[in-house]
Amino acid sequence: MTTLEAKLEAARADLADRDGVLIAFSGGVDSSVVAALAHDALGEDAVACTARSETLPEAELEDAKRVASEIGIHHELVEFSELESDAFVENDDDRCYHCRTMRLGEMIETAREFEIETVCDGTNADDPGAGHRPGLQAVEELEVHSPLLAHEIDKTEVREIADRYGLSVADKPSMACLSSRIPTGLEVTEERLGRVERAEALLRQWGFDQFRVRDHDGLARIEVAPDELERALELEFAETVREELSEIGFDHVTLDLHGYRTGSVSPTTEADVDDGNVEDDVFASESS
């Protein structure tokens, strides 16, 4: 038995020992693997739950619905608003803590409705050592179970497991919530979140894979992966993106020649998370 096989067996046994679990599910690779393992172990006693709010792009919500269908797991949606929290809107270094606390709180309430005692998330074994992750404090405080972390399954292994299950998100890039596009200290507002979502939808239509649109109070700073930078410099794209982002509400549109970097508008020790996560997984809300 390989090391990964042993980890998988232990994770399934862990979940099977529980009366039921509710998974904080963004549709990112981490939470999708937890959902697949839980569905294997518990069948109908496993529930995937996605928290819908202003920080979750509509495209990510549709992905979550699709992946839940691939797995065959029951999928619940709950709605709430982080913008009702002054601490979140303030957007300080602990924004992800406030976001994760609220999202997981919604998960816990939903689990109670299903008479489920265990809430799981997609924190993997690489996450605790990946820099400033205030959201992990909320996971610990609320006693949310992280089976990938508990059984030392790292990100590379997560993707391998997703591939074994035939999940379409096996190679999906990490995706953090929309608030991670707003520099620390600049208030998170529905207007800023909305124009970032529309701007990133445009880049997705152009076929870019790993990218962010950072909102510097009306200045759009576009980051794309280094291997996609040449295409972003094409005149046709530059003219189109400038015109369409101006229509969305940005005063200025720029391309960052450094390319895509995690945490480039947040504390320098922060990094991407994809499961909150919302990908990845309550909806992953750590900085990206």
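Which elements do the buried residues of α9 pack against? Select β5 (211–216), β6 (219–224) and α11 (235–248) to display the partners of those buried residues. This is a predicted model, and the tour starts at this helix.

**Helix α9**

Select residues 190–205, the 16 residues of α9. From first C-alpha to last, α9 reaches 23 Å, close to the 22 Å expected at 1.5 Å a residue. Show side chains for the buried positions, among them Arg192, Leu193, Val196, Ala199, Leu202 and Leu203. Charged residues are also on the buried list, including Arg195 and Glu200. Then move to Gly207, which follows α9 and has a positive phi, near 90°.

**The parallel sheet**

Next, select the strands of the open sheet, which has 4 strands in the order β3-β2-β1-β4 with parallel pairing. The edges are β3 (74–79) and β4 (118–120), each paired on one side only. On average, neighbouring strands are turned by 30° against each other, direction ignored.

Zoom in on β1 (residues 21–24) and β2 (residues 46–52), which pair over 4 bridges. Ala24 stands opposite Cys49 of β2. Now add α2 (residues 29–42): this helix lies across β1, β2 and β4 and runs at about 165° to β1.

**Cysteines**

Stay on Cys49, which is buried at 0% relative accessible area. Cys99 is buried too, at 1% relative accessibility. Select Cys99 together with Cys177, which holds the closest cysteine sulfur to that of Cys99. The two sulfurs are 5.0 Å apart, and a disulfide requires them to be within 2.5 Å, so this pair is too far apart for a bond. The structure's disulfide count is 0.

**Salt bridges on helix α3**

The whole structure has 24 salt bridges. For several of these, select α3 (residues 58–71). Glu62 and Lys65 meet there with an N to O distance of 3.5 Å. These two residues are 3 positions apart, about one turn of the helix. An α-helix has 3.6 residues a turn, so residues three or four places apart point the same way. Glu62 is partly exposed at 39% relative accessible area, and Lys65 is partly exposed at 35%.

Move on to Arg66, which is partly exposed at 35%. Arg66 forms a salt bridge with Asp63, closest N and O atoms 3.1 Å apart, and another with Glu70 at 2.9 Å. Asp63 is 3 residues from Arg66 in α3, while Arg66 and Glu70 are 4 residues apart, about one helical turn. Glu70 is partly exposed, at 36%.

Finally, select Glu60, Asp63, Arg66, Glu70 and Lys172 together to see a linked network of salt bridges.

Notes:
Residues numbered from 1 in each chain as written. Predicted model: local features only at pLDDT ≥ 70, side-chain atom pairs only at ≥ 80, totals over all residues. Heavy atoms only, no water. Pairing = 2+ DSSP bridges. Axes fitted to C-alpha atoms, helices over the stretch in contact; angles between N-to-C directions. Contact = heavy atoms within 4.5 Å. Expected span 1.5 Å × (residues − 1). Buried < 20%, exposed > 50% of the residue type's maximum accessible area, 1.4 Å probe, protein only. Salt bridge = Lys/Arg side-chain N within 4 Å of Asp/Glu carboxyl O.
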